[in-house]
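Student: I would like a close look at one part: the protein surface that meets the RNA. Please take it step by step, then set it in the context of the rest of the chain.

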Amino acid sequence: MFRTHDCGELRLDNVNESVTLSGWVSNKREMGPFLFMVLYDRYGETQIVFEDSKIIEEAGKCSLEDVVQVTGFVRDRGDNRTDRYKTGDVEVIAEEFILLSKSKPMPYDHRKDTAEAIKLKYRYLDIRKSEVKNYLILRHNITRTVSNYLDKLGFLNIETPILTKSTPEGARDFLVPSRITKHSFYALPQSPQLFKQLLMVGGMDRYYQIAKCFRDEDLRADRQPEFTQIDIEMSFADEDDIMGIAENMIREVFREVKGLDIPEVPLMTYAYAMNNYGSDAPDTRYDMKLITLDPVFENSSFEAFKNAANDESQIIKGIVVEETAEEFSKNKIKRIEKDVQSDGAQGLAFIKNINGEIESPLAKFFSDEEKNALIEKIPVNGTMLLAAGKKNVILKAMGNLRKRMAAEKNLVSNDDYAFVWITEFPAFEYDEENDKWNAVHHPFTDFDLNEALAAKDRSTVLSRAYDLVINGHEVGGGSVRIHDFEKQKEVFKFIGISEEEAKEKFSFLLDGLTFGAPPHCGLAFGLDRLVMLLAGTEAIRDVIAFPKTTSASCLMSEAPSGVTKAQLDELYIKLSE
RNA sequence: GCGGUCGUAGUUAAGUCGGUUAUAACGCCGGCCUGUCACGCCGGAGGCCGCCGGUUCGAGUCCGGUCGACCGCGCCA
């Protein structure tokens, strides 16, 4: 037997017991006739004391990170207790020592802030010694909670293929050449979307999967080419049903891993979110909403504002930062303005309320009426930052400014969680470059086709989609699907996908819809981001056991790599320069 | 594809205005130490200054290129 207890287990209750521990040597201190050794594993650390000269000689030969087994008895540390580790009240007096496995010296010092490249090359050591270990445990606890919860509600865990058909829409596909079918390729799934809908046609009713998804796009701190979704689909259900189940699932996760009870998640329309937060994924932990100033400046003598106020396609938005009037130096505002301009806005104006009086470079343009309207919106000693211009540009720029100001003013804490459902998304968005309307969501998302056919302005048509947003992150999203074959055909036509194109790409789904597709809807959560949120980390690689670098390679396995000519020949592939 | 930051012993860093033998800490090796816990003390080994080229009497240092890590833009539901 290798161990009777793990390295985090022993307490005063165990004193005088004979125990066997196995683990890695995290520290070794020779002290005259004593040898202290600390053993660790993923559960904790325990101090071992060697007192007999014979066993000291034996144990003294081992080095840090060797794997050893120690048998001995538990002793109260008395005056030498420590709270450095959970087992710090006791120690094990070694009677028997076995070296199970040697270790080379560690290639880096885990206590120091080491270059990411080195930690990624020795990822297994980083898992053993860093916070990554705890993130992986957290990740397991989340997926276990999800599985248990969904299982209780009758959801079936069904795997969908990893070798699938390429559908060159959205992200780039990872391609896998076929050996058996000459000159043909599989694609790795960007998501199991079509398969889960067909599982509904197959009568599986309630499906879920912890699904690996692949997208061949460039990486970010929060984006990896392979990532995981908690993928859910259910039949005979509408948005109320699926959102209720998803919300309770997330509630269960937060209760299980954080001990937090999440109150009912409020609903917010897309239009409200954009208008008040400048984002479709608003961080509602703090207020600082975007204020519409068009009515204030309708008759302004400041031309830029007057024009924007009277132009349908333009808007004037402000945010109020409280109690900072004297903090806002010229330089600081210049710096803030730069950020806003990099988001496309022309410029940034500011108005301070100094003891009830307006102070601003623009003050000379403002009428008394305007000043009164403004002063009402700005608390004493507060500052309003404002910008005017094209609606979508200003909303985005001011939305980002709101986030930056909140971060700067420390309005957000990682221990707070604010949830909101975003609903009533527009079904279409205007593509200025190509002068046409594009579907915002995938083409299987349901919307009112009759309304859309009648609408002059497609921007008012709403889709039956919904997103769950936590602390400004879109954590999950989904939609009610089109289950009627005729409607799906018409929708393809309406959104500009030809019959041939639809057949070529989605014929198997379209076929399926002709054989009695039940009404169904679904949703997918980004597992990696959910874990990040609960772990309080900004880097997605922290929550993935073996992540890729920003150039999409694995420094440990050295993937991707070249292959032999024989392998390529079998696949009928010739490489070009 | 583009922009930014970085690259010096195994690791983390210092290295002045371009000038003698490239420093330190941790780790490693050897020795000492009666309660250590990032133990302490003494000694030692360890370098293609990422790589290629250029400027110069002379380059870790200046210039150009290239490779890699990270952050962002484009891209990405």
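What follows starts at the RNA contact surface and then moves outward.

Tutor: Keep in mind that this is a predicted model. Start with the contact surface. RNA strand B is surrounded by 46 residues. The closest are Asn27, Arg77, Arg84, Arg223 and Thr550. On the RNA side, sugar and phosphate make up 54% of the atoms that come within 4 Å of the protein.

Which classes of residue make up the surface near RNA strand B? There are 19 charged, 16 nonpolar and 11 polar residues. Several elements contribute. Strands β1 (18–31) and β2 (34–41) each supply at least two residues, and so does helix α2 (116–121).

Now the individual contacts. Three side chains illustrate three parts of the RNA. Take the base first. An N or O atom in the side chain of Glu91 is 2.5 Å from a base nitrogen of RNA strand B. Next, the sugar or linking oxygens. Glu217 places a polar side-chain atom 2.6 Å from one of these. Last, the phosphate. A polar side-chain atom of Thr550 lies 2.4 Å from a phosphate oxygen of RNA strand B. Thr550 is also one of the closest residues to the strand.

Two of these names come up again in the salt bridges. Side chains of opposite charge can pair when their charged atoms come close. Glu91, with its base contact, belongs to a salt-bridge network with Glu51, Arg75 and Arg77. Arg77 in turn is among the closest residues to RNA strand B. So the network takes in one residue with a base contact and one from the closest group.

The structure holds 34 salt bridges. Three single pairs are worth a look.

The first is Arg81 with Asp76. Their closest N and O atoms are 2.9 Å apart. Both ends count as partly exposed: Arg81 has 40% relative accessibility, and Asp76 has 32%.

The second joins the side chains of Glu226 and Lys548, at 3.2 Å from N to O. Glu226 lies in strand β10 (residues 226–235), while Lys548 sits in the loop between α15 (527–535) and α16 (565–570). The pair therefore ties together parts that are 322 residues apart in sequence. Glu226 is partly exposed, with a relative accessible area of 25%.

The third is Asp339 with Arg404, where the closest N and O atoms are 3.6 Å apart. This pair links helix α9 (residues 330–342), which holds Asp339, to helix α11 (residues 391–408), which holds Arg404. The two residues are 65 apart along the chain. Asp339 counts as partly exposed at 30% relative accessibility. Arg404 is partly exposed too, at 28%.

Return to strand β5 (residues 90–101), which contains Ile98. Ile98 is partly exposed, with a relative accessible area of 32%. With Phe2 and Leu100, Ile98 forms a nonpolar patch on the surface. Together the three have about 270 Å² of accessible area.

Just ahead of β5 is a loop that starts after β4 (67–76), and Thr87 lies in this loop. Is Thr87 buried or exposed? Thr87 is buried, because its relative accessible area is 1% and the cut-off for buried is under 20%. The side chain of Thr87 reaches the backbone oxygen of Glu45 at 2.4 Å.

Finally, some backbone details. Ala559 and Pro560 are joined by a cis peptide bond, with omega about -5°. Pro560 is in the loop between α15 and α16, which also holds Lys548.

Two residues other than glycine have a positive phi. Asp205 has a phi of about 70°. Asp205 is found in the loop between α5 (193–201) and β9 (206–214), and counts as partly exposed at 34% relative accessibility. Asn410 has a phi near 55°. The loop between α11 and β17 (419–423) contains Asn410, which counts as exposed at 65% relative accessibility.

For a sense of scale, take Ser507 in helix α14 (residues 499–513). Ser507 is partly exposed, with a relative accessible area of 29%. The C-alpha atoms of Ser507 and Phe73 are separated by 69 Å, and the two residues are 434 apart along the chain.

How values were computed: Residues numbered from 1 in each chain as written. Chains lettered and ligands numbered in written order. Predicted model: local features only at pLDDT ≥ 70, side-chain atom pairs only at ≥ 80, totals over all residues. Heavy atoms only, no water. Patch = residues over 30% accessible without salt bridge, like charges linked within 9 Å, V, L, I, M, F, W, Y side chains within 5 Å. Areas by Shrake-Rupley, 256 points an atom, 1.4 Å probe, with all protein chains shown as cover. Salt bridge = Lys/Arg side-chain N within 4 Å of Asp/Glu carboxyl O. Helix = DSSP H or I, 4+ residues; strand = E, 2+ residues; numbered from the N terminus. Buried < 20%, exposed > 50% of the residue type's maximum accessible area, 1.4 Å probe, protein only. Near = heavy atom within 4 Å. Polar contact = N/O pair within 3.5 Å; in protein donor to acceptor, adjacent residues only side chain to side chain. Nonpolar A, V, L, I, M, F, W, Y, C, P; charged D, E, K, R; others polar.
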